Amino acid sequence: MSETRPARIPSLVKKYLMAGSGLVLVLFVLGHMAGNLQIFSGSPATINRYARFLHSIPELLWLVRSFLFSCVIVHIWMAVLLTLENRAARPAQYAQAANIQTSFAARTMIWSGVIILAFILFHLAQFTLEIVNPMYAWLEYPLDGHQVHDVYAMVILGFADPAVAGFYILAVWLLCTHLSHGFSSMFQSLGVRNEKWRHRLDQAASAVGLVLFAGFAAVPASVQFSKYSDTQILPVQSILQQVDSQKWDPASPRPIGINYYDTPLAPAEDDSTPRVLQIAVPAHP
Ligand code: HEM
């Protein structure tokens, strides 16, 4: 009887799959960062319109989500296989492994990956599934004649908690060191990282990491700063006060609205929302 051995994926294919899936995820993260920065546009309408647009074709949204999810699975799977392979090869190949100088990011890639995964699960529970605070799902905003989800208020309320804001800043810092290292080793895996380009590519990788860190950390950090004095861009105090005064109760959930004209927020030129907003009336006064 012939013994069937599981087919092994060649190392080079693993590296290509790891690099390719990583590249897709970096592109998603760059796009997501650009989308988030709309919070600074000066009108809740901008990011709320964008969120409504993303959800406008559910079939396409699920197709993109499934593709991204498969990239995450492939990326983690290849990371585990390559780590095991490297460990198995190390004693024979690197008798002096202890002397090899590697950066902090390189040595902790698998652990930063695990923390980033935990962060993404928390993030999805908070802003996509809205199970961390069920009230977020009931935040409404009048846009172009419809009541839409008030993603602007949800993000501000989410980051008003200093522990949540701090956790996001830490997680995006880890994400950026992970991405920078991954980005520079991707070129090595793809065989385009020769000595001439090594320095330039490492600089480009650090620059991408820095831009991402600044872009992502800006949102929780600005919400924390604006908590102490409302700004024309992020009226955090007014939003917190209005939400508190509406005494939302999970036992009798009801839509909840913010009157942005009671805040120092300057309406954007394309803001088509009515000047007097309808605040939801409590179901049980
Ligand atoms: C700190 C800044 C961030 C903010 C303000 C933010 C904001 C949001 C919001 C509001 C949503 C829900 C969008 C909606 O359903 O309309 C969302 C979804 C998501 N975010 Fe973030 N995010 C941040 C950082 C990140 C990071 C660093 C990652 C990845 C590593 C990430 C990955 C995702 C994913 C995968 C989704 C689900 C998209 C979907 O619904 O299919 N986010 N984010």
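This report walks through a predicted model of one chain and the ligand it surrounds.

## Overall fold

The chain has nine helices and three strands. Along the sequence, the elements come in the order α-α-α-α-α-β-β-α-α-α-α-β. The chain holds 285 residues, and 22% of them are buried.

Many contacts link distant parts of the sequence. Take the contacts in the chain with a separation of 6 or more. Residues 24 or more positions apart account for 75% of these.

## Helix α1

Helix α1 runs over residues 11-36 and has 26 residues. From its first C-alpha to its last, α1 reaches 37 Å. That is close to the 38 Å expected at 1.5 Å a residue. Met 18, Ser 21 and Gly 22 are buried in this helix. An α-helix has 3.6 residues a turn, so residues three or four places apart point the same way.

Met 33 also lies in α1. Is Met 33 buried or exposed? Met 33 is partly exposed, because 18 other C-beta atoms lie within 10 Å, while a buried residue needs 20 or more. Leaving aside neighbours within four places in sequence, Met 33 is in contact with Leu 212, Gly 215 and Phe 216. Val 211 is 178 residues from Met 33 in sequence. In space, Met 33 and Val 211 are 9.5 Å apart, C-alpha to C-alpha.

## Around the ligand

How many residues surround the ligand? The shell has 19 residues. The closest are Asn 36, Ala 51, Phe 127, Phe 216 and Val 219. Phe 216 is also one of the contacts of Met 33.

Several helices contribute. α1, α2 (44-54), α5 (109-128), α6 (151-159), α7 (162-189) and α8 (195-226) each supply at least two residues of the shell. Helix α5 gives the most, with five residues. By class, the shell has 14 nonpolar, four polar and one charged residues.

## Helix α6, enclosed

Nine of the nine residues of α6 are buried, so this helix is largely enclosed by the rest of the structure. The buried residues are Val 151, Tyr 152, Ala 153, Met 154, Val 155, Ile 156, Leu 157, Gly 158 and Phe 159.

## Where α6 meets α8

Two packed helices are described by the angle between their axes and the distance between the axes. For α6 and α8, the axes come within 9 Å and cross at roughly 75°. That makes α6 roughly perpendicular to α8, because angles of 65 to 115 degrees count as such.

Which residues of α6 meet α8? They are Val 155, Ile 156 and Phe 159. Their partners in α8 are Val 219, Pro 220, Val 223 and Gln 224. By class, this contact has six nonpolar, one polar and no charged residues. Val 219 is also one of the closest residues to the ligand.

## Asn 48 in helix α2

Asn 48 lies in helix α2. Asn 48 counts as buried because 25 other C-beta atoms lie within 10 Å, against a cut-off of 20 or more.

What does Asn 48 touch, not counting residues up to four places away in sequence? The list is Tyr 141, Leu 143, Val 148, Asp 150, Val 151 and Tyr 152. Val 151 and Tyr 152 are among the buried residues of α6. Ala 153 is another buried residue of α6. Asn 48 and Ala 153 are 105 residues apart along the chain, and their C-alpha atoms are separated by 9.4 Å.

Definitions and conventions: Residues numbered from 1 in each chain as written. Predicted model: local features only at pLDDT ≥ 70, side-chain atom pairs only at ≥ 80, totals over all residues. Helix = DSSP H or I, 4+ residues; strand = E, 2+ residues; numbered from the N terminus. Expected span 1.5 Å × (residues − 1). Buried ≥ 20, exposed ≤ 12 C-beta atoms within 10 Å, placed from the backbone. Near = placed C-beta within 6 Å. Nonpolar A, V, L, I, M, F, W, Y, C, P; charged D, E, K, R; others polar. Axes fitted to C-alpha atoms, helices over the stretch in contact; angles between N-to-C directions. Parallel < 35°, antiparallel > 145°, perpendicular 65-115°, else oblique. Contact = placed C-beta atoms within 7 Å.
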